[in-house]
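Q: Could you take a close look at one helix for me, and walk me through what its side chains are doing? I'd like the packing first, then the rings.

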Amino acid sequence: MRGLSAVALLLFLACNREQPLAPNAPKPLTKVRVNLNPTITYAPFMIAYDEGFFTQEGIEAELVRVDSNSALVALSTGELDVMSGPIRSGLFNIMLRKAPVRIVADKGQLRPTPGCVLEAFAAPKKIYDRIQAKGGSVRGERFALIRGGFTEFMIDKFLAQQKLTRKDVEFLQISPGDATASAKRQIEAIRYFQEPNLSNGLSKGLYQVVAAAENVSPGQQHGVMMYGKRLLHGDPELGHRFMRAYLRGVRRYSEGKTKRNVEIITRHTKLPVEIIERSCWLPVANDGQVDMASMNALLDWSKTQGYLDGDVPLETWWDPRFIDAANKSLSR
């Protein structure tokens, strides 16, 4: 019995000597829920995901496909941790109502790009020819309009550029949900197109460019990334890690149409390689900084249109601490 006790003791000590090895075992990843739709504008997230940048930060990025309106609600209630999408008046109203949501990084700007039309007002050939016959004037023409969003803002910028007002044109209102589906059919109106619908329509001869968006409002902020309560307040260290991974994805995306980037975007969007290669990719700032001048321009416009519940101070919508820390870390 005494011998058996000694053996048992030796086994016990051996097992306990092995315990220090446990910390070297893979640590469980922390899940972060982020919206991702199958369009090229979400490419930095796709790249960060496929290249393992999130995993290297100890993050399991759960990519959730959801429309932008539902995503904003989900972010404000904590069902999503990260949301990205185009800027619009509704984003700022939800912050004015004390929702724990802040813009934390850029996700696309209309910076002029050689040889590319990033986004554009385009129209069927009959309308395009009529506009050209008037010296490029859109007076008397009809625009497809989505109210309260980026498209309406850009229409007003375009009209101002031509020294026209809304009284000088007509409108055909469409809902945000109809925008993508209706892009595949012609509408007798000038429309605002994004990629890949723009290059697809142009390649098939369905539309002609009336005005490139980057010429209407050069450098205009288009998309943003936002954090919800969990990353802003509950676990900001996790927010810092997510931002490092995201900016690494942005920088890889900024390398352009490399074989690997095209392969990743093709897999996530399910679009043919030739469409990905033909499309113009919206520039994203490598440092994550948004264009403040154009953000303020949209805020001023939103207030003028009566879309805002009140003034929106900078600290109400912008939190730069995550890009500041990420850029410092990535520069080492």
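A: Let's start with F242. Leaving aside its neighbours within four places in sequence, F242 is in contact with V32, V34, F45, F54, I59, V82, M225 and Y227. Keep in mind that this is a predicted model. F242 also stands out in the largest nonpolar core, which has 91 residues: along with M243, F242 has the most contacts inside it. The helix to look at is α12, which gives the most to this core, with eight residues. Apart from that core lies another one, of five residues, and among them are A120, A122, L198 and Y207.

Now for the rings. F45, already on the contact list of F242, also pairs up with Y246 of helix α12 (residues 236-253). Their ring centres are 4.9 Å apart and the planes sit at 35 degrees; pairs under 30 degrees count as stacked and those over 60 as edge-to-face, so this one is tilted. In sequence the two partners are 201 residues apart, with F45 sitting in helix α2 (residues 43-50). Are they buried or exposed? F45 has a relative accessible area of 0%, so it's buried, and Y246 counts as buried too, at 0%.

Head along to Y253, also in α12, and you'll find another ring partner: W281, in the loop between α14 (273-278) and α15 (292-304). Here the planes are at 10 degrees with the centres 5.6 Å apart, so this pair is stacked. Y253 and W281 are 28 residues apart in the chain, and both are buried.

Then there's the helix-helix contact. α12 and helix α17 (residues 321-330) have axes that come within 9 Å and cross at roughly 65 degrees, and the crossing is right-handed. On the α12 side, the residues involved are P236, G239, H240, M243, R244, L247, R248 and R251. They meet R321, F322, I323, A325, A326, N327, S329 and L330 of α17. Notice M243 in that list: M243 is one of the two residues with the most contacts inside the largest core.

To put the ring pairs in context, a search of the whole structure turns up 16 aromatic pairs. Elsewhere, one aromatic cluster is formed by F121, F143, F150, F153, F158, Y192, W301 and Y307. And if you like a charge on a ring, check Y42: the charged end of K107 sits over its ring, 3.7 Å from the centre.

How values were computed: Residues are numbered from 1 along each chain as its sequence is written. This is a predicted model: local features need pLDDT of at least 70, side-chain atom pairs count only at pLDDT 80 or more; totals for chains, interfaces and linings use all residues. Side-chain values use heavy atoms; hydrogens and water are left out. Rings of Phe, Tyr and Trp (its six-membered ring) pair if their centres lie within 6.5 Å; planes under 30 degrees apart count as stacked, over 60 as edge-to-face and the rest as tilted. Helices (H or I, at least four residues) and strands (E, at least two) are DSSP runs, numbered from the N terminus. Buried means under 20% relative accessible area, exposed over 50%, partly exposed in between (1.4 Å probe, protein chains only). A charge sits over a ring if NZ of Lys or CZ of Arg is within 6 Å of the ring centre and within 35 degrees of the ring normal. A nonpolar core is a set of buried Ala, Val, Leu, Ile, Met, Phe, Trp, Tyr and Cys residues joined through side-chain atoms within 4.5 Å. Contact means heavy atoms within 4.5 Å. Axes are lines fitted to C-alpha atoms, for helices over the stretch in contact, and angles run from 0 to 180 degrees between N-to-C directions. A crossing is left-handed if the near helix is turned anticlockwise from the far one by less than a right angle, and right-handed if clockwise.
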